[in-house]
Amino acid sequence: MTVFLKNILVDCPSDQSSRWSAHTNNPPQYLTLKLRRPSIVRKIKFGKFEKSHVCNIKKFRVYGGLNEEFMPLLLEGGLKNDNVPETFNLRCIAEDGYSKLPVLYLKIVPLLSWGPTFNYSIWYIELLGQDDPMYTNSCMKEYNKLREVEIVRLCLKHFRQQGYDVAFKALQEETQVHLEHPHVSELHERLVVNGDFDKAEEFMSNCIDEGLVDAYLSRQDYKHIWRLQQAQGQTQPGNRGGHQLVVDAEKRLIYLYGGWDGFQDLSDLGDFEITANCWTQLCAHSEQMNGPTPRSCHKMIFDPVSKNIFMLGRYLDNSIRTKEYIKNNFYLYDTRAGTWLQICDDTSQVSGPQLVYDHQMCIDAEKRMIYVFGGKVLTPRSVSACTSSETEYSGLFSYHIATNTWTQILVDCHHPSASLPDVMSVKSRITHCMVFHNKKRKLYIYGGQRVKTDIHEFICYDVDTQVLEILNKNDNNYNNHSASMCNDGTNEPSPTYTLRATIDCERDEIYVFSSLCKSKDRRDIQHVEASNSFWVYSLDSRKWSRIYTCHYNPAEMANLRANVPLEPCPRYAHQFVYDEVEKSLCKSKDRRDIQHVEASNSFWVYSLDSRKWSRIYTCHYNPAEMANLRANVPLEPCPRYAHQFVYDEVEKLHYLFGGNPGRSASPQLRLDDFWILSLEK
């Protein structure tokens, strides 16, 4: 079949012959379009056949320029295999960042078709931009001037490299073109010409103090440092998982409450003095001081204004889920007075949430508001058995501290009132993460699970305007729920068990610690492949970058390697926090946890500017060498779940404590180690 190039000028989606087709699918295959006159092309539109087609191009590149010999890259993208036309933005700005880039030739290069063995087809092309000579002539003059300046700079660079000082100075004086910034010229003079290293170091120190290299430093790769915190104190917290940590950044304290030690729930409260490196037990049994009963899977938040800790929710075993125990009591701990106060015996009786676990809490300290979202609702056994077996999830609630009032903001999508026109609803979930940006005044909610379905939504809720936005609705992972989120090539965290998140409002970054990818049995990581990963989400660029990944694969037991350091392992129900001053992360470890499997960690950084990944390091953990490593201080924590991960926004450090190593042979085993992770550039 002979298909002519002119067919792409006519949009006939019902005509299968109205297209351009390559003879084969072997590169290079391309078509070049010559415009009538130089233009500023801002967008390109691809038409399609009336239904999906194996010849549609899945990946392609678009180049453009004033001549066929030099055409810079304008676009790299791909088409969906459907019948909906797609429009893409083309690069129309020159290298200087503000001059318009005129185009006379466009080259479209197909790279891959939806049918891998089929040739490429382009059905219709439409270009959108400006070709009016009254506009483009000035753009051409500006662009040609830019090219002339660049040629002069290349000549200046050559003259200086070859030592042609007279020619260098003459050309620079004649053209008034500077090769570089005056600071760079001054550094060249001190370092290259004079060889004065002391003056060069002094100059660089001044540049750093003035913030001239901040942009450069921000683009550099992170270097991670794990540090096992050997804390002091005779009453250090014991082994546990499902506990809670909160940080008082001003007083340099980390508070810990409760958890499950493998045999029973705990009700002890302690604090860690960061400066003194010492644990102190504040309450051995909080219920004896009018405080909460032993519990795990609860949530706590710290109020930096009143210095109070608020606690809500818990998990109850099915055997004790009776009307007497199904009460969502709400507690406050006054850190200054050292006293407990029960604010409410059951928040569900005062327009608040029912008893929940695996929920999330955030505080708006300025407006004196606490937000509670998600979690699984616990109901009495007798009631749930008679009425419905469907799992209930809690919506979004707010608690106003000053007036002691609860308000339901969003109901769960399956709530009976969700269908009413004046009621806002949301898909509630468990194992998600939620943070509050106190400057943007928005809640950010990511991931989670509902029944057995992973939720890939990344939700942003403006607490002032009540606008709900899905940030990743155009991403492939959101549109294709069956896509595996565990592969190394993913571009966002896996919405699986135990997401832990922190936020740095100064940097506009959200940090997410994810664990146990697609686990069939999250309580036994001996029989599944699990992984930990640490991610950063930039609120400015709306891009994820993966900083750290640890893979734990029992199937590779036969390939155990020797002489390697220890690393953290997959876990859930942990806490992950970040110290904004020290730029560090913390994690806990117990060397008893990995006996018969191989695990490996790798640490990655994604540059949002260059859009490139950099692997900082890869480390393999060998249980066969455990006996030789016990005498040494481990370099990194080992795999686990049910740990806690929190953030110190003053020192920029993340702290991690305890967790469950997931050993099927020792299901009661919990960890009690304390780690800090710092990220440096």
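Is cysteine 297 buried, partly exposed or exposed? In this predicted model, cysteine 297 is partly exposed, its relative accessible area being 22%. The legends below describe close-up views of this cysteine and of other sites.

**View 1. Cysteine 283 and cysteine 297 differ in their exposure class.** Cysteine 283 has a relative accessibility of 3% and therefore counts as buried, the limit for that class being under 20%. Cysteine 297, at 22%, is partly exposed. A search of the whole structure returns 0 disulfides.

**View 2. A salt bridge joins aspartate 648 to arginine 252.** The two side chains meet at an N to O distance of 2.3 Å. Aspartate 648 belongs to strand S39 (residues 644–648), whereas arginine 252 sits in the loop between strand S10 (244–248) and strand S11 (253–260). The pair thus links distant parts of the chain, 396 residues apart. Both aspartate 648 and arginine 252 are buried. The structure as a whole holds 22 salt bridges.

**View 3. Lysine 652 and glutamate 506 form a salt bridge between two loops.** The N to O distance in this pair is 3.5 Å. Lysine 652 lies in the loop between S39 and strand S40 (653–659), and glutamate 506 in the loop between strand S31 (500–504) and strand S32 (509–514), so the contact ties together parts that are 146 residues apart in sequence. The partners differ in exposure: lysine 652 is buried, with a relative accessible area of 5%, while glutamate 506 is exposed at 59%. Through salt bridges with shared partners, Asp504, Glu506, Arg507 and Lys652 are joined into one network.

**View 4. Aspartate 504 and arginine 507 are linked by a salt bridge.** The closest N and O atoms of the two residues are 3.8 Å apart. Aspartate 504 counts as buried, with a relative accessibility of 0%. Arginine 507, at 25%, counts as partly exposed.

**View 5. Strands S10, S11, S12 and S13 build an open antiparallel sheet.** The 4 strands follow the order S10-S11-S12-S13. S10 and strand S13 (278–283) stand at the edges with a single partner strand each, so one side of each is left without a neighbour in the sheet. On average, neighbouring strands of this sheet are turned by 25° against each other, direction ignored. Within the sheet, S11 and strand S12 (residues 265–273) pair in the antiparallel sense over 7 bridges. At one position of this pairing, glycine 259 has leucine 266 in S12 as its bridge partner.

**View 6. Strand S22 pairs with both strand S20 and strand S23.** S22 (residues 396–400) is mostly covered, 4 of its 5 residues being buried. Strand S20 (residues 369–373) runs antiparallel to S22 and is joined to it by 5 bridges. Here phenylalanine 373 stands opposite leucine 396 in S22. Strand S23 (residues 405–412) also pairs with S22 in the antiparallel sense, over 5 bridges. Leucine 396 stands opposite leucine 410 in S23, and thus has a facing residue in each of the two partner strands.

**View 7. Asparagine 404 takes a positive phi in the hairpin of S22 and S23.** The hairpin has 4 residues between its strands. The phi of asparagine 404 is near 55°.

Methods:
Residues are numbered from 1 along each chain as its sequence is written. This is a predicted model: local features need pLDDT of at least 70, side-chain atom pairs count only at pLDDT 80 or more; totals for chains, interfaces and linings use all residues. Side-chain values use heavy atoms; hydrogens and water are left out. A disulfide is a pair of cysteine sulfur atoms within 2.5 Å. Buried means under 20% relative accessible area, exposed over 50%, partly exposed in between (1.4 Å probe, protein chains only). A salt bridge is a side-chain nitrogen of Lys or Arg within 4 Å of a carboxyl oxygen of Asp or Glu. Two strands pair if DSSP finds at least two bridges between them. Axes are lines fitted to C-alpha atoms, for helices over the stretch in contact, and angles run from 0 to 180 degrees between N-to-C directions.
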